[in-house]
Amino acid sequence: MSGTRSGIGYDLHRLEAGRKLIVGGVVLPFEKGPAGHSDGDVLAHALCDALFGAAGLGDIGTHFPDSDPQWKGADSLIFLERAGELLDEHGFTIEYVDAVVILEKPKLGPHFPAMREILATALEVSADKIHLKAKTNEGVDSIGRGEAIAAWVVATVRVP
Ligand code: MG
């Protein structure tokens with residue numbers, strides 16, 4: 001077996017006052033942040049699931065269950081580092097990552113260079129393999145009302 005495979009990842013977290021807004025490992029100045037067992041980084045979580053999907057290795061819940069107290073408040077970059085290691089152990093290499101984060105406010109674009117560097121470092125790939133995009137939800141539904149943040153990620157890996 002050789003060639004490439006792609007996996008998709010999705011995540012959504014509710015936004016609540018008093019939580020830090022962390023996206024792609026970057027802390028953004030904002031009055032609300034994602035509720036969740038870990039730090040609620042939707043981009044890191046969706047990226048993990050995309051990688052696990054491409055490699056056929058389950059999902060983030062299998063590897064880092066939210067019932068496990070060791071992941072309470074966890075830095076989601078740890079999940080990414082472990083996902084990258086697991087893929088490496090199974091002989092997969094990361095070819096490309098394309099992501100979209102959906103959030104009404106604040107603007108994410110200015111933070112993309114920092115996010116790409118952080119995510120690339122966690123996965124031990126070069127930053128040019130990680131492409132990030134942002135959308136608002138045009139004021140529609142929970143994301144549009146500023147009640148939630150979501151991310152979709154497609155990851156492509158080279159099969160051993
Ligand atoms: Mg999550």
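Mentor: A nonpolar core is a set of buried Ala, Val, Leu, Ile, Met, Phe, Trp, Tyr and Cys residues joined through side-chain atoms within 4.5 Å, where buried means under 20% relative accessible area, exposed over 50% and partly exposed in between (1.4 Å probe, protein chains only). The model is predicted: local features need pLDDT of at least 70, side-chain atom pairs count only at pLDDT 80 or more, and totals for chains, interfaces and linings use all residues. Residues are numbered from 1 along each chain as its sequence is written, and side-chain values use heavy atoms, with hydrogens and water left out.

Trainee: Which residues touch the most other members of the largest nonpolar core?

Mentor: This core holds 50 residues. Those that touch the most other members are V23, L43, L51, L80, L87 and M115.

Trainee: Which element gives the most to this core?

Mentor: Helices (H or I, at least four residues) and strands (E, at least two) are DSSP runs, numbered from the N terminus. Elements giving two or more residues include β2 (21-23), α3 (76-89) and α1 (42-55). With eleven residues, the element that gives the most is α1.

Trainee: Is W152 in the nonpolar surface patch buried or partly exposed?

Mentor: Patches are made of residues with over 30% relative accessible area and no salt bridge (a side-chain nitrogen of Lys or Arg within 4 Å of a carboxyl oxygen of Asp or Glu); like charges are joined within 9 Å and nonpolar side chains within 5 Å. W152 forms such a nonpolar patch with I8, Y10, L12 and V154, and lies in strand β7. Because its relative accessible area is 40%, W152 is partly exposed.

Notes:
Areas by Shrake-Rupley, 256 points an atom, 1.4 Å probe, with all protein chains shown as cover.
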